[in-house]
Amino acid sequence: MGKYFGTDGFRGEANVNLTVEHAYKVGRFLGWYYGQRSRASLQNPEGRCRVAIGKDTRRSSYMFEYSLVAGLTASGADAYLLHVTTTPSVSYVVRTEEFDCGIMISASHNPYYDNGIKVLNGRGEKLEEDVIVEIEKYLDGDLGELAFATRDQIGRTVDYAAGRNRYIGYLIAIATRSFKGKKVALDCANGSASSIAKNVFDALGAQTFVINNMPNGLNINTNCGSTHIEVLQQYVRDNGCDIGFAYDGDADRCIAVDEHGEVVDGDRILYICGKYMKENGSLFNNTVVTTIMSNFGLYKAFDREGISYEKTAVGDKYVYENMAQYGNCLGGEQSGHIIFSKHATTGDGILTSLKVMEVMLEKKETLGKLASEVKIFPQVLKNVRVHDKQAAQDDPLVQAETAKVAEALGSDGRILLRQSGTEPVVRVMVEAATQELCTKYVDQVIEVMKQQGHVI
C-alpha cells in the first residue's frame, strides 16, 4: 500500500484528507498517462484517451466527479459519465467498450462523510501498483508539471448513462431461470444499488421488496445495508420473504439472509456456489480462492466436499490476483466481496445475488438448507494497540505462545495474528469449538504481549 492509495483506492474524509485538489491531480495524471498510450480503434477512431466515471450517492461524490473531470479534460482525456452506478458496472463498461481506464467515486461501506477514488485499468481490474506509485509521485510534486491540453486537444465530457443500462441488460442475461413466484427483499444501503438492483429483479419476475433505496447524500450505509444486516433480517421475517440480499455503498459486496432471517455471509455463499459449480463441472481447478479471514468451518466443509482452496491476504484485490494468475474462477471474502471471473473482474453484489438465486432454483432448495451444510466456528477477534506492530507480532515469546495455542487447537480450530494496514494494531483471532475456548486462547496471547511491554 502507498501513501495515499490502499488496497481499495485513495480513501479519506471528504475535504479533510481527500480533497478536491487531490481529485483534480489524479484526473490530471490519468488523462496524461493514458493519453500517451491511447490508440485509435473502431470505438475510438480519434485515438483519444477515454475514461469512464461512476459515483455512489454521497453528497461529496458530485464534487469529486467535477474535480476529476476538470483534471482529465485539462490533460486531453474525454470523460464518460455513468452517473450514480456501481463499482462492478464501471468495470464492465471499461473492459467491454475499450476505455483506457475507469474511476469509481465511493468509500464503499464507510459513512457518508468519507469518500474514495478507485481506479480500474483497461481490463476493468484494480490498478497496477507501478501506476499507483507514479500517481503518488505526481501528488507529492515529484514528477513536475504536466503539459495542459490546448485548442482541439482539450477533452470533453460525455453523458454515458447508456453504459449503465447496458450493464443492467448484461446482468439480466446472466440469469438462467425466471424468479417468478419468489419473494425477494433487497437492502440497497441508500447507495449505488438503488439505481440498478430493483430493475434487475423486477425484469426477472421476482416479487421484489426494496428497502433503503431513497438516497439523500447523507444516509448511505446509515443503519442499513450489508454492515447493518439486522435491518434486512427483521424485514425478511416480518414480510415472509424467501430470501434477502444486502449491499454496501457501491454494491460490490453482498450478504444474504435466508427465509428464517438468518445471515448467510460471504463464506457460506462461497461454499454454496462452489459446491454447485463443482457438481456441474464449472469450478475450474476444483479450487475456491479465499482470504486468511475466512471461517475455519468453511475449510472443513470444503474438505468434506473434496474442494481445494487458496488463502490470500485480506482484500478482494489479492483474491482476484490469485484467480487471474492461476485460472481460478470463484473467490471472495467473508465480508461479501464475491468474484465470478467468468462474468466479472471485481466483486459484484448484484451478480452474487443472481448466482445464489440460480443455485436455489436449480437445486429446488431453500437458502437456509443450502447454508446449513457449513458449520460456522465461533470466532473471537481482539484488536491490540501496540507501540510497534511488527515487533509485537515477531516477538519470539509471542510467537511461541501462538504456536502453543495452535498445537492445542489441532484440527479443531486455528489462531491468526495479523497487523492492521492503517493503525498501530495487531489483530488476534481464534476460531474454536466454543466461544469460551476462543476467548481463553486470544487472551493468552494478548497477556504475553502485555508482559513483553508491547501493548499501549
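With which side chain does the side chain of Asn 110 make a polar contact? In this predicted model, the partner is the side chain of Asp 114, at 3.1 Å. Asn 110 sits in the loop that runs between β5 (101–105) and β6. Its relative accessible area is 16%, and because buried means under 20%, Asn 110 counts as buried. Beyond its neighbours within four places in sequence, Asn 110 is in contact with Arg 11, Arg 58 and Asn 221. Glu 436 is 326 residues away from Asn 110 along the chain, and the C-alpha atoms of the two are separated by 31 Å.

The strand that follows this loop, β6 (114–120), also takes part in the lining of a cavity. Three cavities of 30 Å³ or more are counted in the model, and the largest of them has a volume of about 80 Å³. Both β1 (5–6) and β6 supply at least two residues of its lining, and the largest share, three residues, comes from β6. The lining includes Phe 5 and Gly 6, as well as Ile 117, Lys 118 and Val 119. Lys 126, Leu 127, Ile 132 and Lys 317 are also among the lining residues. Sorted by class, the lining of the largest cavity holds five nonpolar, three polar and four charged residues.

Lys 317, one of these lining residues, belongs to helix α10 (residues 316–326), where it is buried. The other buried residues of α10 are Asp 316, Val 319, Tyr 320, Asn 322 and Met 323. In an α-helix there are 3.6 residues a turn, so residues three or four places apart point the same way. The buried residues of α10 pack against the helix α4 (129–139) and against four strands, β13 (287–291), β14 (308–312), β15 (330–332) and β16 (338–340). Just after α10 comes Gly 327, which has a positive phi of about 75°.

Nonpolar side chains tend to be buried together in soluble globular proteins. Here the largest nonpolar core has 65 residues, and the members that touch the most others are Phe 201, Phe 245, Tyr 247 and Leu 330. Helix α11 (residues 349–363) gives the largest share of this core, eight residues. Another core lies apart from it and has 33 residues, including Phe 5, Val 26, Ile 105 and Leu 127. Of these, Phe 5 and Leu 127 also line the largest cavity.

Helix α11 appears again at an open site. The second largest pocket has a volume of about 260 Å³. It is lined by 14 residues, of which Met 277, Ser 282, Lys 342, His 343 and Lys 355 are the closest to its centre. Two elements, α8 (266–279) and α11, give two or more residues to this lining. By class, the lining of the second largest pocket divides into seven nonpolar, four polar and three charged residues.

The last stop is strand β19 (residues 425–431), which contains Glu 431. Is Glu 431 buried or exposed? Its relative accessibility is 0%, so Glu 431 counts as buried. The side chain of Glu 431 has two polar partners to look for. One is the backbone nitrogen of Phe 296, reached at 2.7 Å, and another is the side chain of Gln 379, joined by a polar contact of 2.6 Å. Leaving out residues up to four places away in sequence, Glu 431 also touches others, among them Ser 294, Asn 295, Phe 377, Pro 378, Leu 409, Arg 414 and Cys 438.

Definitions and conventions:
Residues are numbered from 1 along each chain as its sequence is written. This is a predicted model: local features need pLDDT of at least 70, side-chain atom pairs count only at pLDDT 80 or more; totals for chains, interfaces and linings use all residues. Side-chain values use heavy atoms; hydrogens and water are left out. On a 1 Å grid over the protein atoms alone, a cavity is a set of points where a 1.4 Å probe fits but cannot get out, and a pocket is an open set with protein on both sides within 12 Å along at least five of seven lines; lining residues have an atom within 4 Å of a point. Grid points are joined across faces, edges and corners, and a volume is the space filled by probe spheres set on the points. Ala, Val, Leu, Ile, Met, Phe, Trp, Tyr, Cys and Pro count as nonpolar, Asp, Glu, Lys and Arg as charged, and the others, Gly among them, as polar. Buried means under 20% relative accessible area, exposed over 50%, partly exposed in between (1.4 Å probe, protein chains only). Contact means heavy atoms within 4.5 Å. A polar contact is a pair of N or O atoms within 3.5 Å; within protein, one must be able to donate a hydrogen and the other to accept it, and residues adjacent in sequence count only if both atoms are side-chain atoms. A nonpolar core is a set of buried Ala, Val, Leu, Ile, Met, Phe, Trp, Tyr and Cys residues joined through side-chain atoms within 4.5 Å.
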